[in-house]
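Have the sequence and the coordinates open side by side. The paragraphs below go from single residues to helices and then to the chain as a whole.

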Amino acid sequence: MFERFTKDARAVVKRAFEHAEAGGAGVVGAEHLLLALLDREGSRASFALSALGLAERREGVRRALAQARRHAGLTRADADALAGLGIDVSEVVARVEEVHGVGAMSGERRGRGRRPGRRPGFGRGAKDVLERSLRVALARGDRHIGDEHLLLALTALPGVSGEVLADVGVTYASVTRVLYGVGVG
């Protein structure tokens, strides 16, 4: 599949690995792909994100992703479901962090879990984004997979990244409208 990736899409994947490594994550997740897209300039995805007003809200998106990592990657729907069972996710996180330190539930394993010099692999979330980006490209009749297809895939899949993007008005429909001038239809 990577042979179909444009230079911009490859740069996003490379930067996602850098984000995962910098955070000590054991795997590259969908959130790392989103962080890498936020870093891009001069590409189709960066154009779409700018057109949708994300330039002023990038840091808010980064903070929302960091908060979600602290909550073990749970979406609001997950937290709401647990609240329905009488479990307060914020309270659980606070207690775990009292004992094990801030970020203990993030899934990031600083100094353990990965062998030195070894890159993390793709986690399920990132694999889903990559697979969906191929489907998006094929559905559009495109022969390549660009960073815009990665962005569209992130908006189409359930999870923290899509939720955070939707919170700032970046949805599959809005990105499609900006990139192609049409509705989802």
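In which helix is the place of H32? H32 sits in helix α2. The model is a predicted one, and every value that follows is computed from it. The relative accessibility of H32 is 3%, so this residue counts as buried, the cut-off being under 20% relative accessible area. A polar atom of the H32 side chain lies 2.8 Å from the backbone nitrogen of G29. Leaving out residues up to four places away in sequence, H32 touches A16, H19, A20, A25 and V27.

Three of those partners lead to helix α1, where A16, H19 and A20 are among the buried residues. Helix α1 covers residues 7-23, which is 17 residues. From its first C-alpha to its last, α1 reaches 24 Å, close to the 24 Å expected at 1.5 Å a residue. The full set of buried residues in α1 is A9, V12, V13, A16, F17, H19, A20 and G23. Viewed down the axis of α1, these buried residues fall within an arc of 160°, so they line one face of the helix. K7, K14 and A22, on the other side of α1, are exposed. Just after α1 comes G24, with a positive phi of about 75°.

A second histidine can be described in the same terms. H149 lies in helix α8. Its relative accessible area is 0%, and H149 is therefore buried. A polar atom of the H149 side chain lies 2.8 Å from the backbone nitrogen of G146. Apart from neighbours within four places in sequence, H149 is in contact with S133, V136, A137, D142, H144 and Y180.

S133, V136 and A137 fall in the range of helix α7, residues 124-140. L130 also has its place in α7, and at 4% relative accessibility L130 counts as buried. L130 and L154 are 24 residues apart in sequence, and their C-alpha atoms are 9.1 Å apart in space.

Helix α3 spans residues 44-51, and its buried residues are A45, S46, A48 and L49. Down the axis of α3 these buried residues fall within an arc of 160°, so they line one face of the helix. What do the buried residues of α3 pack against? They pack against α2 (30-39), α8 (147-156) and α10 (172-180). After α3 comes G53, whose phi is positive, near 80°.

The pairing of α3 with α8 can be given in more detail. Two packed helices are described by the angle between their axes and the distance between the axes. The axes of α3 and α8 come within 6 Å and cross at roughly 50°. That angle makes α3 oblique to α8. On the α3 side the contact is made by R44, A45, S46, A48 and L49, and on the α8 side by D147, E148 and L151.

The chain as a whole comes last. It holds ten helices and two strands, and along the sequence these follow the pattern α-β-α-α-α-α-α-β-α-α-α-α. Of the 185 residues in the protein chain, 41% are buried. Among contacts between residues at least 6 apart in sequence, 66% join residues at least 24 apart.

Note on methods:
Residues numbered from 1 in each chain as written. Predicted model: local features only at pLDDT ≥ 70, side-chain atom pairs only at ≥ 80, totals over all residues. Heavy atoms only, no water. Buried < 20%, exposed > 50% of the residue type's maximum accessible area, 1.4 Å probe, protein only. Helix = DSSP H or I, 4+ residues; strand = E, 2+ residues; numbered from the N terminus. Arc of directions from axis to C-beta. Contact = heavy atoms within 4.5 Å. Polar contact = N/O pair within 3.5 Å; in protein donor to acceptor, adjacent residues only side chain to side chain. Expected span 1.5 Å × (residues − 1). Axes fitted to C-alpha atoms, helices over the stretch in contact; angles between N-to-C directions. Parallel < 35°, antiparallel > 145°, perpendicular 65-115°, else oblique.
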